[in-house]
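Q: Please take a close look at the sheet architecture of this model. I would also like to see how the surrounding elements are arranged in relation to it.

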Amino acid sequence: ASKKPKILVARAIFPEALAKLEESYEVRSNQEDRIFTPEELQKELSSIVGALVAGSERIDASALANAKDLKIVANISVGYNNFDVPAISAAGVMATNTPDVLTDTTADFGFALLMGTARRITESEHWIRAGHWDKWSIVNNPLGMDLHHSTVGIIGMGRIGQGIAKRALGFGMNVIYHNRSRLSEADEKACSARYVSKEELLRTADHVVLVLPYSAESHHTIGAKEIALMKPTATLINIARGGIVDDLALAQALKEKKIFAAGLDVFEGEPKVNPELLKLSNVVLAPHIASATEKTRRAMVDLAIDNLRAALDGKRPPSLINAEVFKG
Ligand code: 8YV
């Protein structure tokens, strides 16, 4: 029998990263990438000391019920709404995420979605493929909304929100934001962002970008009532989490042209997408890819591994969420 500590890698990772892990650990890997059922996950966690997981794995009291040897769950993701942190802490398990390494890549994508939505890029491609180009005219084109000199309203002004604000400055945009707490004066200055109430943001922004973490409090931050405050010319971008937006209310509003368009990277109940959204042309859809560049996904896996190794070596993991569990 191997004396190496046993770990679980719950989703497929890059083969080189897996090979390195196998030098130090007995790895139960899941390279076939079939998502575990809650019962399977509970069983998998019962015989290991550390686990690399992703948003697809819900880590709560039930998942941890038999995890007597578990020391760390390392999320390959910055958002950790798949973690019930109090339950993980109660089980004496360290929880970690992957901040910073994905900030710029995710902010880039937020901007890509913003531009693609405002300027109707996917609709334009469909227009060409459907053979409509020969009917073009000055007025009959996929006419979009401008970004330059418009007002962008960012809800959730953490690292990624600030990254979007800095990019917006390059487009001469006016940046307003809303957040649980105000940024320091220095941080506000660095991205020339003005703090406003959520209501003022919704009423005045030409483009609303959502980058806040998901929680019970942020559930349906944007629903019918909030959309009603927005300009009919406004766009809405969600790169945060499904559930931050009431997708059905959004689909209804887009159908009735209450707002101009939406760009969505995340969905309620993903990977399923509300069928009402799929019927619309004024929505740009992406399959949760804001962090998905080769370089960044590798950096996320590497940071999750650094967290796992540190915890199993008795060191403080670099991105520890529940500091109270660490006994140095
Ligand atoms: C992940 C993400 O790809 O980091 C996050 O919060 O949403 C993405 O980068 C996804 O959560 C997979 O775990």
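A: The account below begins with the division of the chain, treats each sheet in turn, and ends with the ligand surroundings.

The model is predicted. Its protein chain is divided into domain 1, formed by residues 6-99 together with 294-325, and domain 2, formed by residues 103-285. A distance of 32 Å separates the C-alpha centres of domain 1 and domain 2. Where the two touch, domain 1 supplies 4 residues and domain 2 supplies 6 residues. The side of domain 1 that touches domain 2 consists of 1 nonpolar and 3 polar residues, with no charged residues.

The UniProt record, an unreviewed entry, carries two domain annotations for this chain. The annotation "D-isomer specific 2-hydroxyacid dehydrogenase catalytic" covers residues 7-322. Over residues 7-322 the secondary structure amounts to 35% helix and 15% strand, and the C-alpha atoms at the ends of this range are 20 Å apart. The annotation "D-isomer specific 2-hydroxyacid dehydrogenase NAD-binding" is placed by UniProt at residues 111-290. Over residues 111-290 the values are 34% helix and 16% strand, and the end C-alpha atoms are 10 Å apart.

Consider now the sheet of 5 strands. This sheet is open, its pairing is parallel, and its strand order is S2-S1-S3-S4-S5. Strand S2 (26-29) and strand S5 (94-96) occupy the edges; each has a single partner strand, so one side of each is left without a neighbour in the sheet. From one strand to the next, the twist averages 15°. Strand S1, residues 6-9, pairs with S2 in the parallel sense over 4 bridges. Leu8 has Arg28 as its bridge partner in S2.

Two helices can be placed against these strands. Helix H1, residues 15-24, packs on the sheet and touches S1 and S2, and the direction of H1 makes about 140° with that of S2. Helix H12, residues 294-312, lies across S1, strand S3 (50-53), strand S4 (72-75) and S5. The direction of H12 runs at about 165° to S4. After strand S2, the loop leading to helix H2 (38-44) contains Asp33. Asp33 is a residue other than glycine with a positive phi, near 65°.

The sheet of 7 strands is likewise described as open, with parallel pairing, and has the order S8-S7-S6-S9-S10-S11-S12. Here strand S8 (193-195) and strand S12 (283-285) stand at the edges; each of them has a single partner strand, so one side of each is left without a neighbour in the sheet. The twist in this sheet averages 20° from one strand to the next. Strand S9 (residues 207-210) and strand S10 (residues 235-238) pair in the parallel sense, with 4 bridges between them. The bridge partner of His207 in S10 is Thr235.

Helix H6, residues 159-170, lies across strand S6 (151-155), strand S7 (174-178), S8 and S9. The direction of H6 runs at about 165° to S7. Pro271 belongs to the loop between strand S11 (261-264) and helix H11 (275-278). The peptide bond that joins Glu270 and Pro271 is cis, with omega about 10°.

Finally, the ligand is surrounded by Ala54, Gly55, Ile76, Ser77, Val78, Gly79, Leu102 and Ser291. By class, this shell divides into 4 nonpolar and 4 polar residues, with no charged residues.

Notes:
Residues are numbered from 1 along each chain as its sequence is written. This is a predicted model: local features need pLDDT of at least 70, side-chain atom pairs count only at pLDDT 80 or more; totals for chains, interfaces and linings use all residues. A residue is near a molecule or strand if its C-beta atom, placed from the backbone, lies within 6 Å of it. Ala, Val, Leu, Ile, Met, Phe, Trp, Tyr, Cys and Pro count as nonpolar, Asp, Glu, Lys and Arg as charged, and the others, Gly among them, as polar. Domain bounds come from an automatic or database domain assignment. Two residues are in contact if their C-beta atoms, placed from the backbone, lie within 7 Å. UniProt positions are given in the numbering used here, feature names are shortened, and annotations may be inferred rather than shown by experiment. Two strands pair if DSSP finds at least two bridges between them. Axes are lines fitted to C-alpha atoms, for helices over the stretch in contact, and angles run from 0 to 180 degrees between N-to-C directions.
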